[in-house]
Amino acid sequence: MTADLDDPTAPLPLSRFAADARALGESDFGARHGNAFLLHQGDFDPTRRPIRPQQTMIMGRSELPPPGSEPAPARASEAARAMGSLRVYPVKHTGRSPFPRIVTVGRTKNNDVVLQDVSISKFHAFFKEEEGQFLLSDGESRNGTFVEGERAPTAKQGKPMLLRSGNRIKFGALEFRFVTAKELVALARQLS
(Lines give C-alpha, C1' and ligand atoms only; values in the text may rest on other atoms or scores of the structure.)
Protein backbone atom coordinates (compact mmCIF):
# COMPACT_ATOMS: atom_id res chain seq x y z
CA MET A 1 0.00 0.00 0.00
CA THR A 2 1.71 3.19 -1.08
CA ALA A 3 0.84 6.69 0.00
CA ASP A 4 -2.13 7.93 -1.95
CA LEU A 5 -2.81 11.65 -1.58
CA ASP A 6 -6.52 11.07 -2.23
CA ASP A 7 -6.78 8.49 0.57
CA PRO A 8 -6.40 10.11 4.01
CA THR A 9 -5.99 6.65 5.59
CA ALA A 10 -2.92 5.72 3.51
CA PRO A 11 0.52 5.72 5.16
CA LEU A 12 3.02 8.38 4.18
CA PRO A 13 6.60 7.80 3.03
CA LEU A 14 9.29 9.12 5.39
CA SER A 15 10.47 11.45 2.60
CA ARG A 16 7.16 13.34 2.91
CA PHE A 17 8.38 14.71 6.26
CA ALA A 18 11.92 15.71 5.15
CA ALA A 19 11.18 19.34 4.22
CA ASP A 20 9.32 20.04 7.46
CA ALA A 21 12.03 18.24 9.47
CA ARG A 22 14.60 20.66 8.04
CA ALA A 23 12.43 23.80 8.24
CA LEU A 24 10.55 23.43 11.53
CA GLY A 25 11.56 23.13 15.15
CA GLU A 26 10.47 20.04 17.06
CA SER A 27 7.41 21.70 18.67
CA ASP A 28 6.22 23.19 15.35
CA PHE A 29 6.77 19.84 13.63
CA GLY A 30 4.72 18.13 16.37
CA ALA A 31 1.94 20.72 16.09
CA ARG A 32 1.70 20.11 12.34
CA HIS A 33 2.12 16.32 12.16
CA GLY A 34 1.56 14.97 15.69
CA ASN A 35 3.80 13.90 18.56
CA ALA A 36 3.98 10.15 17.91
CA PHE A 37 4.23 7.87 14.88
CA LEU A 38 4.19 4.24 13.86
CA LEU A 39 6.85 3.19 11.33
CA HIS A 40 6.46 0.15 9.11
CA GLN A 41 9.10 -1.17 6.72
CA GLY A 42 7.74 -1.30 3.15
CA ASP A 43 4.25 -1.95 1.89
CA PHE A 44 1.75 -4.48 3.18
CA ASP A 45 1.15 -7.69 1.25
CA PRO A 46 -1.76 -6.84 -1.11
CA THR A 47 -3.04 -10.44 -0.98
CA ARG A 48 -3.73 -9.96 2.76
CA ARG A 49 -5.98 -6.97 2.19
CA PRO A 50 -9.47 -7.69 3.55
CA ILE A 51 -12.42 -8.15 1.23
CA ARG A 52 -15.57 -6.53 2.57
CA PRO A 53 -17.38 -7.74 4.56
CA GLN A 54 -14.96 -10.16 6.16
CA GLN A 55 -14.28 -11.39 9.65
CA THR A 56 -10.82 -11.01 11.11
CA MET A 57 -8.60 -13.97 10.24
CA ILE A 58 -7.41 -15.69 13.40
CA MET A 59 -3.65 -16.10 13.24
CA GLY A 60 -2.00 -19.16 14.76
CA ARG A 61 1.10 -18.60 16.86
CA SER A 62 3.19 -20.40 14.22
CA GLU A 63 2.15 -17.81 11.62
CA LEU A 64 3.43 -14.89 13.69
CA PRO A 65 7.15 -14.11 13.56
CA PRO A 66 8.81 -14.80 16.93
CA PRO A 67 9.25 -11.72 19.15
CA GLY A 68 12.65 -10.13 18.73
CA SER A 69 13.26 -11.55 15.27
CA GLU A 70 14.70 -8.73 13.24
CA PRO A 71 16.66 -8.71 10.01
CA ALA A 72 20.45 -8.66 10.15
CA PRO A 73 22.02 -5.18 10.20
CA ALA A 74 22.29 -3.64 6.73
CA ARG A 75 25.21 -1.82 5.12
CA ALA A 76 25.03 1.99 4.93
CA SER A 77 23.60 2.17 1.38
CA GLU A 78 21.08 -0.59 2.12
CA ALA A 79 20.13 1.25 5.33
CA ALA A 80 19.45 4.44 3.37
CA ARG A 81 17.22 2.54 0.92
CA ALA A 82 15.44 0.85 3.80
CA MET A 83 14.87 4.20 5.49
CA GLY A 84 13.36 5.49 2.26
CA SER A 85 10.86 2.62 2.26
CA LEU A 86 9.58 3.38 5.75
CA ARG A 87 5.85 4.03 5.88
CA VAL A 88 4.71 6.52 8.51
CA TYR A 89 1.39 6.45 10.37
CA PRO A 90 0.82 9.53 12.56
CA VAL A 91 -0.66 8.59 15.94
CA LYS A 92 -3.14 11.42 16.24
CA HIS A 93 -6.88 11.94 16.28
CA THR A 94 -8.15 12.46 12.72
CA GLY A 95 -11.86 13.03 13.29
CA ARG A 96 -12.76 9.72 11.59
CA SER A 97 -13.15 7.98 14.95
CA PRO A 98 -16.11 8.83 17.21
CA PHE A 99 -13.81 8.77 20.27
CA PRO A 100 -12.15 12.20 20.72
CA ARG A 101 -9.96 11.23 23.70
CA ILE A 102 -8.26 8.21 22.13
CA VAL A 103 -6.51 7.38 18.85
CA THR A 104 -8.03 4.21 17.44
CA VAL A 105 -6.30 1.53 15.37
CA GLY A 106 -8.19 -0.93 13.17
CA ARG A 107 -8.86 -2.10 9.64
CA THR A 108 -12.00 -0.03 8.94
CA LYS A 109 -11.90 3.57 7.73
CA ASN A 110 -13.59 4.93 10.87
CA ASN A 111 -10.29 4.48 12.79
CA ASP A 112 -7.58 7.10 13.17
CA VAL A 113 -4.86 4.61 12.09
CA VAL A 114 -6.17 2.29 9.38
CA LEU A 115 -4.27 -0.99 8.84
CA GLN A 116 -5.82 -2.99 6.02
CA ASP A 117 -4.69 -6.52 6.78
CA VAL A 118 -6.76 -9.65 7.45
CA SER A 119 -5.11 -10.11 10.89
CA ILE A 120 -6.33 -6.71 12.09
CA SER A 121 -9.71 -6.41 13.81
CA LYS A 122 -12.19 -3.71 12.80
CA PHE A 123 -11.35 -1.95 16.09
CA HIS A 124 -8.02 -3.43 17.15
CA ALA A 125 -6.35 -1.17 19.73
CA PHE A 126 -6.16 2.40 20.96
CA PHE A 127 -3.61 4.97 22.10
CA LYS A 128 -4.17 7.53 24.80
CA GLU A 129 -1.93 10.52 25.49
CA GLU A 130 -1.59 11.62 29.10
CA GLU A 131 0.82 14.34 30.22
CA GLY A 132 2.94 13.95 27.09
CA GLN A 133 3.21 10.16 27.41
CA PHE A 134 1.53 7.62 25.15
CA LEU A 135 -0.32 4.59 26.50
CA LEU A 136 -1.57 1.60 24.49
CA SER A 137 -4.44 -0.81 25.14
CA ASP A 138 -5.79 -3.69 23.10
CA GLY A 139 -9.37 -3.25 21.88
CA GLU A 140 -10.31 -6.90 22.54
CA SER A 141 -8.87 -7.81 19.14
CA ARG A 142 -8.76 -11.38 17.84
CA ASN A 143 -5.00 -11.48 17.26
CA GLY A 144 -3.78 -9.23 20.04
CA THR A 145 -1.58 -6.21 20.47
CA PHE A 146 2.01 -6.66 21.68
CA VAL A 147 4.67 -4.25 22.92
CA GLU A 148 8.20 -5.71 22.88
CA GLY A 149 6.64 -9.19 22.76
CA GLU A 150 4.39 -8.64 25.80
CA ARG A 151 0.63 -8.71 25.23
CA ALA A 152 -1.08 -5.36 25.86
CA PRO A 153 -4.08 -5.60 28.18
CA THR A 154 -7.59 -4.58 27.20
CA ALA A 155 -9.23 -1.75 29.14
CA LYS A 156 -11.09 -4.42 31.17
CA GLN A 157 -7.89 -6.32 32.01
CA GLY A 158 -5.82 -3.55 33.53
CA LYS A 159 -3.73 -0.47 33.00
CA PRO A 160 -2.56 0.37 29.48
CA MET A 161 1.10 -0.10 28.55
CA LEU A 162 3.38 2.93 28.69
CA LEU A 163 5.24 3.39 25.39
CA ARG A 164 8.78 4.60 24.87
CA SER A 165 10.25 5.81 21.61
CA GLY A 166 11.73 2.85 19.77
CA ASN A 167 9.30 0.24 21.17
CA ARG A 168 8.30 -2.56 18.80
CA ILE A 169 4.54 -2.87 18.54
CA LYS A 170 2.64 -5.68 16.83
CA PHE A 171 -0.98 -5.41 15.85
CA GLY A 172 -1.98 -8.93 14.76
CA ALA A 173 0.72 -10.00 12.30
CA LEU A 174 1.97 -6.47 11.49
CA GLU A 175 5.03 -5.07 13.23
CA PHE A 176 5.77 -1.37 13.75
CA ARG A 177 8.25 0.81 15.54
CA PHE A 178 6.76 3.51 17.80
CA VAL A 179 8.67 6.81 17.63
CA THR A 180 8.22 10.34 18.94
CA ALA A 181 8.28 13.45 16.77
CA LYS A 182 11.89 14.08 17.85
CA GLU A 183 13.02 10.70 16.50
CA LEU A 184 10.98 11.04 13.30
CA VAL A 185 12.55 14.47 12.65
CA ALA A 186 16.03 12.95 13.08
CA LEU A 187 15.20 10.09 10.66
CA ALA A 188 13.70 12.44 8.09
CA ARG A 189 16.74 14.73 8.25
CA GLN A 190 19.05 11.74 7.64
CA LEU A 191 17.04 10.90 4.53
CA SER A 192 17.49 14.32 2.96
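## Reading the strands, helix and rings

Q: Let's start with the sheet: parallel or antiparallel, how do β2 and β12 pair, and over how many bridges?

A: β2 and β12 pair in the antiparallel sense, over four bridges. Strands here are DSSP runs of E with at least two residues, helices are runs of H or I with at least four, and both are numbered from the N terminus. Two strands pair if DSSP finds at least two bridges between them. One bridge joins A36 to T180, its partner in β12.

A word on the source: this is a predicted model, in which local features need pLDDT of at least 70 and side-chain atom pairs count only at pLDDT 80 or more, while totals for chains, interfaces and linings use all residues. Residues are numbered from 1 along each chain as its sequence is written, and side-chain values use heavy atoms, with hydrogens and water left out.

Q: In which order do the seven strands of the open sheet stand?

A: Read across the sheet, the order is β1-β3-β2-β12-β11-β8-β9, with antiparallel pairing. At the edges are β1 (12-13) and β9, and each has a single partner strand, so one side of each is left without a neighbour in the sheet. For β1, two bridges run to β3, in the antiparallel sense; L12 has V88 of β3 as its bridge partner. β2 also pairs with β3, antiparallel and over five bridges, and here F37 is partnered by P90 in β3.

Q: What packs on this sheet?

A: Helix α4 does, touching β2, β3 and β12 (174-180). Contact means heavy atoms within 4.5 Å. The direction of α4 makes about 100° with that of β12. Such axes are lines fitted to C-alpha atoms, for helices over the stretch in contact, and the angles run from 0 to 180 degrees between N-to-C directions.

Q: How many of the six residues of β2 are buried?

A: Five of the six, so β2 is largely enclosed by the rest of the structure. Buried means under 20% relative accessible area, exposed means over 50%, and partly exposed is in between (1.4 Å probe, protein chains only). H40 is a good residue to look at in β2: H40 is buried, with a relative accessible area of 10%. Leaving aside residues up to four places away in sequence, H40 touches S85, L86, R87, Y89, E175 and F176. A polar atom of the H40 side chain also lies 3.1 Å from the backbone oxygen of G42.

Q: Which residues of helix α2 are buried, and which exposed residues are on the face turned away from them?

A: The general idea comes from the helix turn: an α-helix has 3.6 residues a turn, so residues three or four places apart point the same way. In α2 (residues 26-33), F29, G30 and H33 are buried. Seen down the axis, these buried residues fall within an arc of 100°, so they line one face of α2; the arc is that of the directions from the helix axis to the C-beta atoms. The face turned away carries the exposed residues S27 and A31. Among the elements covering the buried residues of α2 are α1 (18-23), β2 (36-41), β3 (86-90) and α4 (181-191). After α2 comes G34, with a positive phi near 115°.

Q: Which residues other than glycine have a positive phi?

A: Two examples are E140, with phi about 60°, and E148, with phi near 55°. E140 lies in the loop between β7 (133-138) and β8 (145-147), and E148 in the loop between β8 and β9 (150-151). E148 is partly exposed, with a relative accessible area of 38%.

Q: How many aromatic pairs are there, counting by ring centres?

A: Rings of Phe, Tyr and Trp (its six-membered ring) pair if their centres lie within 6.5 Å; planes under 30 degrees apart count as stacked, over 60 as edge-to-face and the rest as tilted. By this rule the count comes to 12. For F29 and F37, the centres are 6.3 Å apart and the planes stand at 55°, so this pair is tilted. Both F29 and F37 are buried. F127 and F171 make an edge-to-face pair, 6.4 Å centre to centre with 70° between the planes. This pair links distant parts of the chain, with F127 in β6 (residues 125-130) and F171 in β11 (residues 168-171), 44 residues apart. F127 is buried at a relative accessible area of 1%, and F171 is buried at 0%.

Q: Which residues do ring pairs link into a cluster?

A: The cluster holds F44, Y89, F127, F134, F171, F176 and F178.

Definitions and conventions: Polar contact = N/O pair within 3.5 Å; in protein donor to acceptor, adjacent residues only side chain to side chain.
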